[in-house]
Each structure stands twice: as C-alpha cells, then as structure tokens.
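Here's a walk through one model, with an eye on its ring pairs, its internal spaces and how far to trust it. Have the structure open while you read.

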Amino acid sequence: MRDYEELTAFLGEWGRFQRLVFFLLSASIIPNGFNGMSAVFLAGIPEHRCAVPPGANLSDEWRNASIPLELRGGLTEPSRCRRYRLDALVNLSALGLRPGIDVQLAELEQEPCLDGWEYSRDVYLSTIVTEWNLVCEDDWKVPLTTSLFFVGVLIGSFISGQLSDRFGRKSILFLTMAVQTGFSFLQIFSNSWEMFTVLFLIVGMGQISNYVVAFILGTEILGKSVRIIFSTLGVCIFFAIGYMLLPLFAYFIRDWRMLLLALTLPGLLCVPLWWIIPESPRWLISQGRYKEAEVIIRKAAKINNTPAPAVLFDATEMQDSKPQQQQKAILLDLFRTRNIATITIMSLLLWFFTSVGYFGLSLSTPNLHGDAYINCFLSAVIEVPAYIIAWLLLRSLPRRYSISSTLVLGGGVVLFIKLVPTDLNVLSVCLVMLGKFGITAAFSMLYVYNVELYPTLVRNMAVGATSTASRLGSIIAPYFVYLGAYDRYLPYILMGSLTVLIGILTLFLPESYGSALPESFEQMLKVKCFRNGQQTTGTRNSKESPKTLTTPF
C-alpha cells in the first residue's frame, strides 16, 4: 500500500481545500478557550466579611467595629470568617460604651458568620461563590469545582480518543461540541452548587475532548508542512483568542449567569461546519473504507482545481492492506513492546507535569498583584508569542531539545519569584508571564511530538491517553493554587521544580524530527531508539538526510 502522503501528493500542500479545513477546524477551537478558563471568573472570590443584620440594635461606631482584624499577606485586614459576638455588641452599644476606648476589643468573644456574608462588588457583581456562599468553612468547594471540571475533561479525553479511533474523527468531534455547548447552557439554570458542579463535569467531558479530535483530524488531512502550522499557529492561537476574549466578556458582564450565557452562544456557530468539514481519509483507509476516502479526496481535488488520477486505489493495494484493516487497537497496544512502553510512560509523565504548570499558572492570575481582568488577559496574550516560538522551533530544531529548553525556562523563572521583594509586585507578574510563556510553548509542541511517535491505528488513542495524563495534572492544579492561602510562594516553588525536572527527563525520549508519520506499528518501530545506542535503520536515514520543514507562508 502506498503511503497516504504519496497517494495525495497531487492535491498540493496549500490549496483551497486545505485552507478551508485549516481555518474551520481552528475556529472550532475558540469556544474551548472560553470554557477552559471560565472558572477564573465564574468562581471568582471577592473580598468578603461577616454580615451584621440591618435590624441589629448597634450604633454606627459598634457596627464598624464588629469585625475583628487579622494579619493576612503581611497586612492587617478585617477578618473574612469571624465577627465579635453580636449579642455582646448589642449590650455594650446599649450601655453607651465606646469600642477601643471603654472596651478592649481583643477581650471580646468571637463567633462565625451566623448571618451570612457581605461581598464586595468592586470586581464581581456575582459569582457562584457569592451565590452559594462558598467561603470560610465551604471554601474547599471552589478548587473542587474546577477540579471536577477537569475530571470531566479527563473522562472525555479518554473516551473520545477510543471512540474516534473506532467510529471516526468527525462524528465524535461534533458530538463533543454538542456536549460542551448544551450543558454549558443548562448550567445557567443551576439552583445549587451541586447541580452546577455536576453539569460542569459534563461540560468538561466535551471541552478538551473536541480539541484533541479536531487536532487529530487536521493533522491527518493536512500535509506535513502545513501540519506544523496547524498544530501551533492554528488550533493553539485560536484557543488563545478564545482565552483572550474571556476576560473581555467578563469585564463587561460581571454577573456569572449572564457571562455563562455569553460564553455559550458562540458554540452554536459551529453547527453549520458539519456540512463542510470532512472525515479523515487516513482513518477511512485504515478501516478499509476506500470508496468513502476516494470520494473525499476527489472532492478535495475538485475544490483545489487539481486533476485527480483515474485510479486512486487499485485492487492490488486494497488486497495488500486487507490484513491491516482487520486490526482493532486497544489501550494495551501502547505498551506492546519495551520500546513503545518506555515512550508511553515517559510521555505520560511529560504531559502530567507540563499540565500542572500550565493550568496552575493560568488559574492563579486572580491572585497576582493588580487587576484580575488585565492579568487574565496578559496570561492569554502571552500564549500567542509562545505558539509562534514553538512553531519556529518545530520547523528547525529537534523536538526533544525544543521542548526541554522551554520547560526549563518556564520552570526556572517561576522559582525566582520568591526572591522578588514585596514592593516589586510588577516584577513578580512579569516572571509568572515569562514562566507561562515557556510552559505554553512546550505544551503546544507536545501534540506534534505525540502525533509523530504513534501510527494511525492508535494515534488518536495515544494522544487521548497522554491527554488523560494531562487532565490528571489539571485536576490537581487548582489545589496548587489553593496552597497560596497558606504560603504565597509555595505553589510557584512546587510548579517550578516539577517543570524543570520534567524538562530534563524529556532529553531521554527518542527523536522524531524529520520522519514521516508512521502508518503501522512496524513503521513506528523504525523511528524509535533507546539511549543505550540501539538505533533503527529508519532513524539513521532520517539523521543522514534531515528534512527541512517548509511552509507556504
């Protein structure tokens, strides 16, 4: 059987068909940018203090002194979760005594916020925190909300990878889009935190899952040179566009229900894409569905105004490939040999720790010095140059060194935050953004690296499995941010150390730069090597004659 890229070479690299697939699949990623980080504002925690009932018989002086002061972040501020006993304050107010003069406040008994809380509306009008009082004794529910969203993404990544390998890229792509949009809309009508969280988990099942399937669909349809652009400057930048629009929407719509509605509606614009985006011919061929693949390829030739060969698949080729089409991949195929198992395990660790760093820094933006909306916008904007750098690195440098260097950069600068004086908070923000730059660049290159390592039969499963490891990292990332309540620098020390460590480990992975996408397990083995010097013919050939990645741009 001829190689797929040889079979479709007559289509060219950058015809009208390829441009259509490139931009439509990339645009379908924008809603992922909305939903992926929406918890930053939906679950934003405003300044709060214990409420004092309006009917309480207190003088203005005692009402202002009803909240004890506590040391927080090096500053003395009103307590968020305690107040002086209200009945004692009422008696002292009735006696005409004055706080701090006639009565020492430190000697008064305290009690929890029995009458609820008063929330500042300077940053948010309402969030799920103010809606259901997710503060003080219930503050653990805030990171859990975000973690359960990523649990849904974990489940969706795992299931969608196997389903799309079995039932096709296109159908699962649009199914996960529908899940994301439909259940996001239902969240608007949540009447409890439990209902919101369950729906949020289901939204997560459709969120990054359609990102993964769209990525695979694009890389399988597009040619090698355009594939690199698609995986970095395509889907990644369109994700960043959605991420950048999130703080813009949130700034002007500060009620969480209306914000959620505004973030849900763009998903409906993806419905007409069903009649435009094709199924992956690579996948159809791997399933033995040659007639359907031929229809798509000939349609692409027509769109590109390119004459197609009279015969695309002859009987001999279809007969030769018949044993392959009977193969059904299972998860254990990712561990079928020592070589493949080693690559898979190291890839899982790489994705896990990179995800912890990426989502930990992204979710911590409201905790940085300055305006939460500006910090979130900067966190999104910094991804654009990161993707551009990643694209340039993928074009000209080996994968291992590119990923390793950006991870060490991202983790290293984050470790320096502890050394920044407290009066130079702007420098801390800059270091966080530089760390986000490095980790984001590495994250975007991981997808390309994974696609190049695995054959068509299990490629989507492999990306789904490593994406599953990534989701495990994202699940615990909110708790890294939560640790900041106990020590401001602890999250950055942990994230920075883990990122540098995994950057060093990346150097022990095999190199795929300059090799064609493997179509079978046999071809996959030709591009793998161990560090002990074992090397295959395919790898040697690729090193002797490295291919320069060029693009039509």
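## Phe443 and its partner

Let's start with Phe443, in a model that is predicted. Its relative accessibility is 8%, so Phe443 counts as buried, the cut-off being 20%. Which residue does Phe443 form an aromatic pair with? The partner is Trp351, and the geometry is edge-to-face, with 6.1 Å from centre to centre and 80 degrees between the planes. Trp351 is buried too, at a relative accessible area of 1%.

The two rings come from distant parts of the chain: Trp351 sits in helix H17 and Phe443 in helix H21, with their positions 92 residues apart in sequence. They also belong to a bigger picture, since ring pairs join both of them into a cluster with Trp132, Phe149, Phe150, Phe196, Phe200, Trp256, Tyr358 and Phe359.

## More rings

Over the whole structure, a search turns up 25 aromatic pairs. Take Phe22 and Phe230: their ring centres are 5.8 Å apart and the planes meet at 70 degrees, so this pair is edge-to-face, which calls for over 60. Phe22 is in helix H2 (residues 16-27) and Phe230 in helix H11, so the pair ties together parts 208 residues apart in sequence.

Buried or exposed, these two? Phe22 has 3% relative accessibility and counts as buried. Phe230, at 0%, counts as buried as well.

## The largest cavity

Now for the empty space. The structure holds five cavities of 30 Å³ or more, and the largest of them takes in about 190 Å³. Its lining is made of 16 residues, and Phe443 turns up again here: along with Tyr211, Phe239, Tyr358 and Tyr447, Phe443 lies nearest the centre.

Which elements give two or more residues to this lining? They are helices H10 (193-221), H11 (224-252), H17 (338-363) and H21 (425-453). H21 supplies the largest share, with four residues. Sorted by class, the lining of the largest cavity has eleven nonpolar residues, four polar and one charged.

## The second largest cavity

The second largest cavity has a volume of about 70 Å³. Around this space you'll find Phe215, Thr219, Lys224, Arg227, Ile228, Ser231, Tyr447, Val448, Val451 and Glu452. H10, H11 and H21 each give two or more residues to this lining. By class, the second largest cavity is lined by five nonpolar, two polar and three charged residues.

Tyr447 is worth clicking on: this residue lines the second largest cavity and is among the residues nearest the centre of the largest one.

## How far to trust it

The protein chain has a mean pLDDT of 81, and 88% of its residues reach 70 or more. Among the elements, helix H7 (residues 128-132) has the highest mean, 94, while helix H25 (residues 537-544) has the lowest, 38.

Where does pLDDT stay under 50? One such stretch is residues 322-326, for which the model has seven contacts beyond four places in sequence. Another is residues 525-553, where the model shows 53 contacts beyond near neighbours in sequence. Where pLDDT is low, the predicted coordinates shouldn't be read in detail.

Technical notes
Residues numbered from 1 in each chain as written. Predicted model: local features only at pLDDT ≥ 70, side-chain atom pairs only at ≥ 80, totals over all residues. Heavy atoms only, no water. pLDDT = per-residue confidence, 0-100. Contact = heavy atoms within 4.5 Å. 1 Å grid on protein atoms, 1.4 Å probe; cavity = no way out; pocket = protein on both sides within 12 Å on 5 of 7 lines; lining within 4 Å. Points joined across faces, edges and corners; volume = space filled by probe spheres on them. Nonpolar A, V, L, I, M, F, W, Y, C, P; charged D, E, K, R; others polar. Phe/Tyr/Trp six-rings, centres within 6.5 Å; stacked < 30°, edge-to-face > 60°. Buried < 20%, exposed > 50% of the residue type's maximum accessible area, 1.4 Å probe, protein only.
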